[in-house]
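Trainee: Could you take me through one part of this structure slowly, and then show me how it sits within the whole? I am new to this, so plain words would help.

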Amino acid sequence: MISSEHQEHAISTRLVPPSSVSVDPSKVNDYNSFAEAYTAANETNLVNAYYERPAMLALAGDVAGRRILDAGCGSGLLFAALRDRGATVSGFDSSAGMLGLARQRLGDAADLQVADLGSPLSYPDDTFDDVVASLVLHYLEDWEPALAELRRVLRPGGRLIVSVDHPFAVSLIHREAGREAEYDYFDTTNWTVEWSIGGQTTLVSRWNRPLHAMIEAFTGAGFRIAVISEPEPDPAARELFPEAIGPSRRFLCFLFFVLQAD
């Protein structure tokens with residue numbers, strides 16, 4: 001059984017029509033309004049704490065002495081883990097509320113900025129050995145400006161480590177909801193879910209694109225694909241979330257890339 005702590009901080013999701021976004025766009029992806037509830041869930045839930053974050057850290061490997069940019073750092077969980085492993089980390093996020101929580105976690109000396117992915121960044125050229133972009137690119141319809149800017153701040157030979165929604169998982173979500181008419185795997189498609197989290201309800205809208213479009217975007221920005229990963233969850237997840245995982249060792253959720261800046 002899932003512990004009461006994990007139940008308390010779970011995020012329940014419901015697919016909603018695209019028209020929901022046009023009702024009040026300011027209410028969509030408003031992380032400032034649910035920063036604390038989302039952070040509490042992120043710290044303990046299956047897909048973030050026992051799947052996505054361990055996978056990102058495994059792909060990063062030995063980071064001691066490396067200079068790393070955490071693009072879309074949120075409340076600083078991945079930032080903290082990389083710093084604990086000996087990296088020098090900088091981070092930015094578009095949500096001042098999430099950065100406030102990151103500051104509490106990381107201390108006043110942490111290099112944190114409010115900035116939008118896809119807009120010009122304040123870092124000089126060739127600053128970082130690695131950039132980590134954890135579950136953030138899929139909020140953008142157009143990846144070209146963001147990838148160009150991340151390529152600019154990476155030193156030659158540096159790595160961009162990315163996690164995004166798995167495009168086939170998004171396809172399955174629409175099929176299971178009987179909403180496949182709203183979604184074509186081969187298009188770049190906006191889709192929206194309603195999250196219920198910590199007693200709050202909010203709309204989260206993202207852009208899904210097929211695998212070939214992701215690869216074309218990465219290579220077009222000057223990256224070489226070193227790794228594409230569909231990992232297993234952390235071994236502890238089986239004991240903590242037996243009902244969610246079931247008999248299978250794997251599940252479709254996110255897709256991971258390691259990209260080399262040649």
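Mentor: Let's begin with asparagine 29, which sits in the loop between α2 (19-23) and α3 (35-44). Please keep in mind that this is a predicted model. Is asparagine 29 buried or exposed? The answer lies in between: its relative accessible area is 26%, so asparagine 29 counts as partly exposed. Now look at its backbone. Asparagine 29 has a positive phi of about 55°, although it is not a glycine. That deserves a second glance, because most residues other than glycine have a negative phi.

You can find a companion for it further along the chain. Aspartate 126 also is not a glycine, and its phi is positive at about 55°. Aspartate 126 belongs to the loop between β4 (111-114) and β5 (128-134). With 46% relative accessibility, aspartate 126 is partly exposed. For a glycine with a positive phi, turn to glycine 86, which follows α5 and has a phi near 100°.

While you are there, look at helix α5 itself (residues 77-84). How many of its residues are buried? It is 6 of the 8, so α5 is largely enclosed by the rest of the structure. The buried ones are Leu77, Leu78, Phe79, Ala80, Ala81 and Leu82.

Now return to our starting loop and step into the helix after it, α3. Glutamate 43 in helix α3 makes a salt bridge with arginine 105, and their closest N and O atoms are 2.9 Å apart. Why is this pair worth a look? Arginine 105 lies in helix α6 (residues 96-106) and glutamate 43 in helix α3, so the salt bridge ties together parts that are 62 residues apart in sequence. Both partners are partly exposed: arginine 105 has a relative accessible area of 31%, and glutamate 43 has 38% relative accessibility.

Other pairs do a similar job of linking. Aspartate 262 and arginine 224 form a salt bridge with 3.0 Å between the closest N and O atoms. Here aspartate 262 lies in the segment after β10 (254-261) and arginine 224 in strand β9 (residues 223-229), so parts 38 residues apart in sequence are tied together. Aspartate 262 is exposed, with a relative accessible area of 53%, while arginine 224 is partly exposed at 42%.

Then there is glutamate 232, whose side chain meets that of arginine 250 in a salt bridge of 3.7 Å, N to O. Glutamate 232 is in the loop between β9 and α10 (237-240), and arginine 250 is in the loop between α11 (242-245) and β10, so this pair ties together parts 18 residues apart in sequence. Glutamate 232 counts as partly exposed at 34% relative accessibility, and so does arginine 250 at 44%.

Salt bridges can also join up into a group: Arg66, Asp130 and Arg159 are linked in a network of them. How many salt bridges does a search of the whole structure find? It finds 11.

Loops can meet distant residues through other contacts too. Take aspartate 187, in the loop between α8 (167-176) and β7 (189-197). Leaving aside residues up to four places away in sequence, aspartate 187 touches Asn208, Arg209 and Pro210. From C-alpha to C-alpha, aspartate 187 and arginine 209 are 6.2 Å apart in space, with their positions 22 residues apart in sequence. Aspartate 187 is partly exposed, at 39% relative accessibility.

Finally, let's step back to the whole chain. It holds 11 helices and 10 strands. A compact globule of 262 residues would have a radius of gyration near 18 Å, and the chain agrees with its 18 Å. Along its principal axes, the C-alpha trace spans about 45 × 40 × 40 Å. Buried residues make up 50% of the chain. Among contacts with a separation of 6 or more, 70% join residues 24 or more positions apart. The chain exposes about 11,900 Å², and carbon and sulfur atoms supply 50% of that. As for charge, there are 21 positive and 36 negative charges, and their mean positions are 4 Å apart.

Definitions and conventions:
Residues numbered from 1 in each chain as written. Predicted model: local features only at pLDDT ≥ 70, side-chain atom pairs only at ≥ 80, totals over all residues. Heavy atoms only, no water. Helix = DSSP H or I, 4+ residues; strand = E, 2+ residues; numbered from the N terminus. Rg over C-alpha atoms; globule rule 2.2 N^0.38 Å. Buried < 20%, exposed > 50% of the residue type's maximum accessible area, 1.4 Å probe, protein only. Contact = heavy atoms within 4.5 Å. Areas by Shrake-Rupley, 256 points an atom, 1.4 Å probe, with all protein chains shown as cover. Lys, Arg positive; Asp, Glu negative; His and termini not counted. Charge placed at Lys NZ, Arg CZ, Asp CG, Glu CD. Salt bridge = Lys/Arg side-chain N within 4 Å of Asp/Glu carboxyl O.
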